[in-house]
Amino acid sequence: MTLLCAVSMLGFVSCVDSEDSVGHNGGGGAGVGVDTLRTSLLIYMMAENNLNSYAARDMEEISDVAASVPADCGLFVFVDDVMLPRLLRYYNNNGLAECDTLYAFEEDFCSSDINNMAVVCDILLERFNMCELNLIMWSHGDGWLLDKSRKSVARAIGHDNCENSAWGGSMSKGSIEMKELAGLIDSLPVDVKLLMYDACLMQCIESVYELRNSVDYILTSPAEIPGEGAPYDKIIPLFFADVLDVEDVMMEYYNYHKLKTGVLLSVVDCQWVDDFADATMPYIAKYFSGDVAFDYEKIFSYIDGGFFYGSYSYPDFFDMNGVMMNCLSDEEYKEWRAAFDKMVPYSCCTARWMSVYSYYTTGHDYYYTDTKQYGGVSMYLPREEAVYGGLNEDFRTTGWYERVGWTR
């Protein structure tokens, strides 16, 4: 892959800068003859980190399909990379791809701060009326973690080094927690149908639970994703179909990577999360109390945490289906799996996936998928070892912890 300089990344379409760098409505309104957009997609790119070059590549792909955006739809990209943050609109202008800068910020700021994300959303929704919004969160991801042992807090989604550079992929000055993200989405005057994380480790039940009442579907990976991320030129047209098919979006992502680096993906249907919590609750006390011996080694997990003990203290991200398959009786598992399948209607996996964690722990570039255990959603299991103490404390702050009875 040829990496492009971020300075040139907007040269692939005709971008029209706004006359004012702050507050100018550069091409506002829904479009010619359209008062309200039928559906819109906002790609929120927190790329002020070592993923910056991939942001340039993805914006190429976005520009490649901009001419296919229907007149009654909106394609918007907020990007914070080594240049100043800016909010862009891509659209079809008589068969040609166009890009307007709706808002160019005069100063850099932390895009992985929920308050700044709220400002971006306000700017967008002040200019455009829309019936429905889909949201892609693009950056590094940490699942549900709040790890105080790291030099900086890195929780959930988004890394921004606040230095306007591509340095320091994991040294974020702030990250967006799931409760904050849910609160922002709930405050918007438009419904968010699909939330897609183009980031690692985000399909964990602890994060899913926080968003259950805020979005209809969540599409992402329980593991690491390829550096290239989603193939935007292939998935963007799917967002503007008459009816959005989230399985189609997932499969386009999967098919692009299945013969390359590999990828693991799943879709959560949020209307079933509470029912799934009810189905899970009885087994937490029964199989995970301190009085019950538990063999962690036989469970399929998405990270081998051994390398990170001490300096990073990453835990294993255990596959939920693998956990229950190994713990429950056959009859219990059958009933539990029925609830899981409602919550996770679609999932896919390759036989292996490229992993930086695997390289550091084993010297190999790949982890291998246990396809019998794979379910597509991870969970945290508290452990007694001292290195897990801080993580156990943080786990107690999650809504999932309370909901399914870990308190008992």
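Start by selecting strand S2 (residues 39-46) and strand S3 (residues 73-80): these two pair in the parallel sense over 8 bridges. Keep in mind as you click around that this is a predicted model. Now pick Tyr44 in the S2 strand, and you'll find Phe78 of S3 standing opposite.

Stay with S2 and turn to another partner. Select strand S6 (residues 132-138), which runs parallel to S2 and is joined to it by 6 bridges. Tyr44 comes up again here, since it stands opposite Met137 in S6.

How many of the residues of S2 are buried? Show the surface and check: 8 of its 8 residues are, so the strand is mostly covered. Colour the two faces separately if you like. On one side sit Thr39, Leu41, Ile43 and Met45, on the other Ser40, Leu42, Tyr44 and Met46, and both faces are covered.

**Over to helix H1**

Next, add helix H1 to your selection. Together with S2 and S3, H1 makes a right-handed β-α-β unit. Helix H1 spans residues 52-64 and holds Arg57, and Met59 is found in H1 too. Click on Met59: this residue counts as buried because its relative accessibility is 1%. Then draw a distance from Met59 to Val77, and you should get 8.7 Å between the C-alpha atoms, for two residues 18 apart in sequence.

**A charged pair under cover**

Side chains of opposite charge can pair when their charged atoms come close. To see a case of this, show the side chains of Glu228 and Arg57, which meet in a salt bridge with 2.5 Å from N to O. This pair links distant parts of the chain: Arg57 belongs to helix H1, while Glu228 lies in the loop between strand S8 (215-220) and helix H5 (232-239), 171 residues apart. Are the two buried or exposed? Both Glu228 and Arg57 are buried.

Widen the selection now to Arg57, Asp58, Glu61, Glu228 and Lys260, and you have a network of linked salt bridges. A search of the whole structure finds 12 salt bridges, and a couple of others come up at the next stop.

**Helix H7 and its kink**

Jump to helix H7 (residues 273-288) and look along the helix. Where is the kink? A kink of about 35° lies at Thr280, shortly before the proline Pro282.

Thr280 is also one of the buried residues of H7. The others to highlight are Val273, Phe276, Ala277, Tyr283, Ile284, Tyr287 and Phe288. What covers these buried residues? Switch on helix H4 (205-210), strand S9 (264-269), helix H8 (320-327), helix H9 (330-343) and helix H12 (399-403), which are among the elements that cover them.

Two of those covering helices also reach H7 through charged side chains. For one, select Arg403 and Asp274: their side chains meet in a salt bridge, 3.6 Å from N to O. Arg403 is in helix H12 and Asp274 in helix H7, so here two distant parts of the chain, 129 residues apart, are linked. Asp274 counts as partly exposed because its relative accessibility is 28%.

For the other, select Lys286 and Glu332, which form a salt bridge whose closest N and O atoms are 2.5 Å apart. This pair links Lys286 in helix H7 with Glu332 in helix H9, 46 residues apart. The two ends sit in contrasting surroundings: Lys286 is partly exposed, with a relative accessible area of 45%, whereas Glu332 is buried at 14%.

**A look at the cysteines**

Now show the cysteine sulfurs. Why does Cys162 have no bond to Cys110? Cys110 holds the closest cysteine sulfur to that of Cys162, but at 3.9 Å the two are too far apart for a bond, because a disulfide needs the sulfur atoms within 2.5 Å. By this rule the count comes to 0 disulfides. Cys162 is partly exposed, at 33% relative accessibility, while Cys200 counts as buried at 19%.

**Zoom out**

Finish with the full view. The protein has 12 helices and 14 strands. Of its 408 residues, 59% count as buried. Finally, take the contacts between residues at least 6 apart in sequence: 73% of them join residues at least 24 apart.

Key:
Residues numbered from 1 in each chain as written. Predicted model: local features only at pLDDT ≥ 70, side-chain atom pairs only at ≥ 80, totals over all residues. Heavy atoms only, no water. Buried < 20%, exposed > 50% of the residue type's maximum accessible area, 1.4 Å probe, protein only. Bend = angle between axes of the 7 residues up to and from the residue. Helix = DSSP H or I, 4+ residues; strand = E, 2+ residues; numbered from the N terminus. Contact = heavy atoms within 4.5 Å. Salt bridge = Lys/Arg side-chain N within 4 Å of Asp/Glu carboxyl O. Pairing = 2+ DSSP bridges. Right-handed = clockwise from strand over helix to strand, strands pointing away.
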